[in-house]
There are 2 protein chains.
Amino acid sequence: VLDRLAWMAAELGPVLTDAVGRIGGLRLKPLMAQALHMGDECHNRNAAATGLLLKQLVPALLAGDTERGALARVVSFLAGNDHTFLNVSMAACKSMLDAAAGVAGSSMVTTMARNGVRFGIRLSGTGERWFEAPANRVEGLYFPGYGPDDAAADLGDSAITETAGLGAFAMAAAPAIVQFVGGSAADAVAHSRRMRTITLGANDAFTLPALGFAPTAAGIDARAVVDTGVVPVINTGIAHRDAGVGQIGAGITTAPAACFTAAVVALATMLA
Amino acid sequence: VLDRLAWMAAELGPVLTDAVGRIGGLRLKPLMAQALHMGDECHNRNAAATGLLLKQLVPALLAGDTERGALARVVSFLAGNDHTFLNVSMAACKSMLDAAAGVAGSSMVTTMARNGVRFGIRLSGTGERWFEAPANRVEGLYFPGYGPDDAAADLGDSAITETAGLGAFAMAAAPAIVQFVGGSAADAVAHSRRMRTITLGANDAFTLPALGFAPTAAGIDARAVVDTGVVPVINTGIAHRDAGVGQIGAGITTAPAACFTAAVVALATMLA
C-alpha cells in the first residue's frame, strides 16, 4: 500500500494532472449519466465509467510528452481495475453535495459516512454537526473463505454516492450488480423506486433506462425518512473486522433510522 | 472513404495485428457477454464493448514499438466511435454461425442479410442457397432533416448479429438503445422474450440481467418461424435511398416471413 501511494504521488498524479489539463478538464456529470445507461450505478459497479474515463484520458495521455514507460504504467493501472472510476465518482458526488450545504432550515442530507462502528449524517441546515447511530450489518455475498462472522459493520465514506442519488439509489440502472451484492434484478428496480419516497426531488441529469428514463431520486429529506420509516439503502463493500485484511465481500445495507430522528430534532430545535 | 480505407490498410491493420498478436489474440465471447451486462446488444449499441476492446488493446499497443504518431492515430480512431466494436461483433457472429453450417436436415438459420431491396436467409441444412423476399421498411427515429420518404428498405449484413442471438434478440440487455431506435424499455424486454419462441435453444454464454440472467435466444429455427408466425426482429441503421448519403436514422424491422416459408419448403423437398 505504501509503495503504491508513493508511486501515485510521484508518477500517476503528475501524469494525470498533465493529461487532464491538456483537455481542459473532464466533465463528470455527462460521463456518469452515460455510465448509468451502461449498467453502472457509480458506487459498486464502475466498469462502464472506468472505460469512458479511459476513452477520454488515453488520447490526452498520448498527445503529451510523458515517456513511454510511465505512460504504460499509468494506463495499465487505470485499466487494471473496474473500480478505478469509484475514486472519481466519490469526489464528484462530494462536490455536488457540498454545493447544497449550509441552507438555513434545510433538512436535506449532505453527508452519510460510516467507520465500521458508527454511522453519521449531516444535514444542510445543521452545519458541521454529525448525527450518529450504530452502523448496520451488511447483507451480501462473501469472497470464498469468508462469512458474516468475519465482517465489520458498514464502513467507509463511499455512501456519499447514495447521498447524491447514485449507488443503490440508482440500482435500477445496474441489474448485473446483483451478482456482486446479492438479490435479484427486480430488487434493484424496487430500491430505486422506493428511494423516490424519501427524496426532495429527482435529478434530470441522471436517468434510469429500465424505468422509462425516470430521473434518479435525489436529495434525501431527513423529514421524509422519519415520516415514512423508509431508510436510505446503500450498496457497499464488506470489510474484514480486523484491520489490514481488506474487502471480503459486497452487499446491501441501510442507514440507521436513529440518525435521521436525531437530525430532525436538532433542526426543529434550531428553528424553534 | 477511400482515404480512410487506404489508411486502414497501411497503418491501422498492421498496428492492430501487431498488438493483438502480442497478447495472443482477443477472447471475444467473454467480452461480448460482459458488454451485455453493460447495456449493449452488440449491434446498434456497442459503447461498452468498444470500451472493453480499448481496455485490452491500449496496454498491448503501448507495449510494442509502434511510433507515437501512429499510436495516437490508431487509438483516436478506435476511441472516436462508439460503434467501433460493431466491426468485431459482426465478424465474431459470422464465425460462430459458420460453425453451424452444413448440418444435414437442420432448419437452423445461419445467415440473414439484406441489400435495401431484397432480404435473404440461408439454413444450415440447405447449404449455400439463398431464400429471398422483399426487404421490409424500418420503423425508427430519423436524424434531423430526414424522414421515411428518404429511407431505403432494410439494408446491410449486420443482421448476422440477430442471427447469432444478439442485436434485437438481446435487446433486454440494452434498454437505453430505445433512445436511438425508438420504442420503450418495456418493448426491448418484450422483443427478447418473444424471440425465445422461435429459437432452437438459448446461449448460456450470453445472459440478460433484466430477465434474471436468462440466456439469450439462440439458433433461429425456420420451422418455428413458419409454425408460429413470429418473425425475427432486427435493430438496424436506416440508410438513405440514394447511394453515398449514408445513415439517416436507426430503428426496428423484421425479417419477411416468405423467406422462411421458402426455406422450409426447400428443406422438406431435400429430405423427401
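Author: Before we start, one definition: a residue is called buried under 20% relative accessible area, exposed over 50%, and partly exposed in between. The model here is predicted.

Reader: Which class does Arg73(B) fall into?

Author: Arg73(B) has a relative accessibility of 41%, so it counts as partly exposed. Glu11(B), by contrast, is buried, because its relative accessible area is 15%.

Reader: What do Arg73(B) and Glu11(B) form together?

Author: They form a salt bridge, and their closest N and O atoms lie 2.7 Å apart. This pair ties together distant parts of the chain: Arg73(B) sits in helix H4 (residues 68-79) of chain B and Glu11(B) in helix H1 (residues 2-22) of chain B, with their positions 62 residues apart.

Reader: How many salt bridges does the structure hold over all chains?

Author: The total is 18. One of them joins the side chains of Glu128(B) and Arg122(B), at 3.2 Å from N to O. Here the acid is exposed, as Glu128(B) has a relative accessible area of 65%, while Arg122(B), at 15%, counts as buried.

Reader: And how far apart, N to O, are Asp221(B) and Arg223(B) in their salt bridge?

Author: For that pair the distance is 3.8 Å. Asp221(B) counts as buried at 9% relative accessibility, and Arg223(B) is partly exposed at 47%. Salt bridges can also share partners: in chain A, they join Glu11(A), Glu67(A) and Arg73(A) into one network.

Reader: Now the two chains. How should I read the relation between two copies?

Author: In general, two copies of a chain are related by a rotation about an axis and a shift along it. In this model, a turn of 180° with a shift of 0.0 Å along the axis lays chain A on chain B, with an RMSD of 0.0 Å. The two copies are therefore related as by a two-fold rotation axis.

Reader: Which C-alpha of chain A is nearest the axis?

Author: That of Met38(A), at 2.2 Å from the axis. The same surface serves both copies, since 100% of the contact residues of chain A recur in chain B.

Reader: How many residues does each chain give to the contact?

Author: Chain A gives 31 residues and chain B gives 31 residues.

Reader: How is the size of such an interface expressed?

Author: Often as the accessible area lost when the parts come together. Between chain A and chain B, the buried area is about 2500 Å², and carbon and sulfur atoms give 63% of it. On the chain A side, Lys55(A), Leu62(A) and Arg68(A) supply 27% of the area that chain A buries against chain B, more than any other three residues.

Reader: What is the count of salt bridges between chain A and chain B?

Author: Two. Asp82(A) and Lys55(B) form a salt bridge, with their closest N and O atoms 2.4 Å apart.

Reader: Last, the surface. Which residues of chain A form a nonpolar patch there?

Author: The patch consists of Val1(A), Leu2(A) and Leu5(A), which together have about 380 Å² of accessible area. Val1(A) lies in the segment before helix H1 (2-22) of chain A.

Reader: Is Val1(A) buried or exposed?

Author: Val1(A) is exposed, because its relative accessible area is 82% and the cut-off for exposed is over 50%.

Methods: Residues are numbered from 1 along each chain as its sequence is written. Chains are lettered from A and ligands numbered from 1 in the order in which they are written. This is a predicted model: local features need pLDDT of at least 70, side-chain atom pairs count only at pLDDT 80 or more; totals for chains, interfaces and linings use all residues. Side-chain values use heavy atoms; hydrogens and water are left out. Copies are superposed by least squares on the C-alpha atoms of residues with pLDDT of at least 70 in both. Contact means heavy atoms within 4.5 Å. Patches are made of residues with over 30% relative accessible area and no salt bridge: like charges are joined within 9 Å, nonpolar side chains (Val, Leu, Ile, Met, Phe, Trp, Tyr) within 5 Å. Accessible areas come from the Shrake-Rupley method with a 1.4 Å probe; for residues, only the protein chains shown count as cover. A salt bridge is a side-chain nitrogen of Lys or Arg within 4 Å of a carboxyl oxygen of Asp or Glu. Helices (H or I, at least four residues) and strands (E, at least two) are DSSP runs, numbered from the N terminus. Buried means under 20% relative accessible area, exposed over 50%, partly exposed in between (1.4 Å probe, protein chains only). Buried area is the accessible area (1.4 Å probe) that two parts lose on being put together, summed over both.
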